[in-house]
Amino acid sequence: MTLPDVPGTPVTIADLDPQQPVPEGFVLLDVREQDEWDAGHAPGAVHIPMGELPARVDELPDGELLVVCRSGGRSARSAAWLNHSGYDAYNVEGGMKQWQAAGLPLTAEDGRTATVL
């Protein structure tokens, strides 16, 4: 696993360690909508939809941010905004679709089989 040293640099799923996809000192921030989150998300991720991020930025825990959405578009915009606002954020390219395809862990809110919408 090799993560970039410069915030704003994209991270691919292949850059992540399958045994510990979110490295120590990092936070996985999921910026998808509520229905997408409910269907399936990474265990331990923080959920703040992209449209709510400016108003809820104070809810972010300490640590560098791996920002994820369904495929990478919303997370790229969110990571750029976060970096401009003084956070260290990295866009996870391929998003939760690639996360699921790589067999990384998923959980659902209601106990059903997790999936990525």
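**Strand S2 and its surroundings**

Leaving aside neighbours within four places in sequence, Asp-30 is in contact with Trp-37, His-41, Val-46, His-47, Ile-48, Pro-49, Val-68 and Met-96. The model described here is a predicted one. Asp-30 belongs to strand S2, and with a relative accessible area of 1% it falls under the 20% limit and therefore counts as buried.

Asp-30 shares this setting with the rest of its strand. Strand S2 spans residues 26-30, and five of its five residues are buried, so the strand is largely enclosed by the rest of the structure. In a regular strand, side chains alternate between the two faces of the sheet. In S2, Phe-26, Leu-28 and Asp-30 point one way, while Val-27 and Leu-29 point the other way. The residues on both sides are buried.

Two strands pair with S2, and it is helpful to take them in turn. With strand S4 (residues 64-68), S2 pairs in the parallel sense over five bridges. Within this pairing, Glu-64 of S4 is the bridge partner of Phe-26. With strand S3 (residues 46-47), the pairing of S2 is likewise parallel, here over two bridges, and Val-46 of S3 stands opposite Leu-29. Val-46 also appears among the contacts of Asp-30, as does Val-68, a residue within the range of S4.

The strands also lead into the nonpolar interior. The largest nonpolar core has 17 residues, and those with the most contacts inside it are Leu-16, Leu-28, Leu-66 and Trp-99. Two or more residues of this core come from each of S2, S4, strand S5 (89-93) and helix H4 (95-101). Apart from this core lies another, of 13 residues, among them Ile-48, Val-57, Leu-60 and Leu-65. Ile-48 is also one of the residues in contact with Asp-30.

Leu-66 gives a good view of how these pieces meet. Beyond its neighbours within four places in sequence, Leu-66 is in contact with Phe-26, Val-27, Leu-28 and Leu-29, among others. The contacts of Leu-66 also include Val-11, Leu-16, Pro-21 and Pro-23, as well as Tyr-90 and Val-92.

Turning to charged side chains, the structure holds four salt bridges. One of them joins Glu-36 and Arg-74, with an N to O distance of 2.9 Å. This pair links distant parts of the chain: Glu-36 lies in helix H1 (residues 34-39) and Arg-74 in helix H3 (residues 73-84), 38 residues apart. Glu-36 counts as buried because its relative accessibility is 9%, under the 20% limit.

A further group of charged residues forms a network of salt bridges that links Glu-52, Arg-56 and Glu-59. The side chains of Arg-56 and Glu-52 meet at 2.6 Å, N to O, while the closest N and O atoms of Glu-59 and Arg-56 are 2.9 Å apart. The members of this network are partly exposed: Arg-56 at 21% relative accessibility, Glu-52 at 36% and Glu-59 at 47%.

Finally, the record offers a wider frame for these elements. An unreviewed UniProt entry carries the annotation "domain: Rhodanese" over residues 22-108. In the model, that stretch of chain is 33% helix and 20% strand, and its end C-alpha atoms are 18 Å apart.

How values were computed
Residues numbered from 1 in each chain as written. Predicted model: local features only at pLDDT ≥ 70, side-chain atom pairs only at ≥ 80, totals over all residues. Heavy atoms only, no water. Buried < 20%, exposed > 50% of the residue type's maximum accessible area, 1.4 Å probe, protein only. Helix = DSSP H or I, 4+ residues; strand = E, 2+ residues; numbered from the N terminus. Pairing = 2+ DSSP bridges. UniProt positions renumbered as here; feature names shortened; annotations may be inferred. Contact = heavy atoms within 4.5 Å. Core = buried A, V, L, I, M, F, W, Y, C linked by side-chain atoms within 4.5 Å.
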